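Colleague: I would like to learn how to read a model of this kind, feature by feature. Could you give me the general idea each time, and then the case at hand?

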Amino acid sequence: MRIKADFSDTVEQQAIPKDVYHAIIQKVETNLDDQGNVIFREGKTKNPMMTLTCQIDEGEYANTSPPTKIGNINVMLGGTTQKGAPMPLFMLANLVESTRCKASCGSCSADLTGKLMYRGTGKDGYEAGHYYCPECKAKAIFEFDSDDLLGLPCRIAVDVEKAQGSDRDRNTVKKFLREDAADASA
Ligand SMILES: [Zn+2]
């Protein structure tokens, strides 16, 4: 059979160098249904998570054609690790604090928009390294709407790795950074 394939919509995006970039959250998907239950898909995680796409909006990779986007940024929302331990939510904490997104406390209902979680020191009556609500000091439960993340600016630590089964470099994001956080070493 004679095949005529049109490549005009096939874009092989070049990886950008490892660095910290300003970006805008452009797409947010979750694996949850309307009730907040994980939609089971063969071979996919049973843990709740969001998958984000960010578009670089500052520096030489902003305003490029096509736009420079970093996709497949997975942010866990809960569940358990492969060893059955509660899933640590560091990346979500990074994201909430990087975007200062609209949020409220699941314990006291205080408006936590733009606020940072309180970190226990171990010397203040709170467990070292644990996150607490800055208002009621209960262990932090942030409630937010994933749609509210759309369009928000953030800082992302972009890394470069080989795409699976390929020699091609691709970008990954493992960390969001606060505006006031020191650079790189993510
Ligand atoms: Zn609270």
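Modeller: We will go from the overall layout to the cores, and then to the helix, a hairpin and some backbone details. This is a predicted model, in which local features need pLDDT of at least 70 and side-chain atom pairs count only at pLDDT 80 or more, while totals for chains, interfaces and linings use all residues. Residues are numbered from 1 along each chain as its sequence is written.

Colleague: Which domains does the assignment give, and how far apart do their C-alpha centres lie?

Modeller: Domain bounds come from an automatic or database domain assignment. Here the assignment gives domain 1 as 19-89 + 146-177 and domain 2 as 103-143, and the C-alpha centres of the two lie 24 Å apart. Along the principal axes, the C-alpha atoms of the protein chain fill a box of roughly 70 × 40 × 30 Å.

Colleague: In what order do the helices and strands run?

Modeller: Helices (H or I, at least four residues) and strands (E, at least two) are DSSP runs, numbered from the N terminus. The protein chain has 1 helix and 9 strands, and the order from the N terminus is β-β-β-α-β-β-β-β-β-β.

Colleague: How should I read burial, and which residues touch the most other members of the largest nonpolar core?

Modeller: A residue is buried if 20 or more other C-beta atoms lie within 10 Å of its own, exposed if 12 or fewer, and partly exposed in between, with C-beta atoms placed from the backbone. By that rule, 18% of the 186 residues in the protein chain are buried. In soluble globular proteins, nonpolar side chains tend to be buried together. A nonpolar core is a set of buried Ala, Val, Leu, Ile, Met, Phe, Trp, Tyr and Cys residues joined through C-beta atoms within 7 Å. The largest such core has 22 residues, of which Cys54 and Ile156 touch the most other members. Two or more residues of this core come from each of S1 (19-30), S2 (49-56), S3 (69-76), H1 (90-99), S8 (153-162) and S9 (169-177). A second, separate core of 5 residues includes Leu112, Tyr131, Cys133 and Ala140.

Colleague: Which residues of H1 are buried, and what covers them?

Modeller: In H1, Asn94, Leu95, Val96, Glu97, Ser98 and Thr99 are buried, and what covers the buried residues of H1 includes S1, S3, S7, S8 and S9. After H1 comes arginine 100, whose phi is positive, near 50°.

Colleague: In which sense do S8 and S9 pair?

Modeller: Two strands pair if DSSP finds at least two bridges between them. S8 and S9 pair in the antiparallel sense over 8 bridges, and lysine 162 stands opposite aspartate 169 in S9. Their hairpin has 6 residues between the strands, and glycine 165 there takes a positive phi near 65°.

Colleague: Where does asparagine 72 lie, and is it buried or exposed?

Modeller: Asparagine 72, in strand S3, has a positive phi of about 55° although it is not a glycine, and it counts as exposed because it has 11 C-beta neighbours inside 10 Å. Lysine 137, also not a glycine, has a positive phi of about 65° and lies in the loop between S6 (131-132) and S7 (142-143). Lysine 137 is partly exposed, with 15 other C-beta atoms within 10 Å.

Colleague: Which peptide bond is cis, with omega near 0°?

Modeller: That is the bond from serine 65 to proline 66, and proline 66 has its place in the loop between S2 and S3.

Terms used
Two residues are in contact if their C-beta atoms, placed from the backbone, lie within 7 Å.
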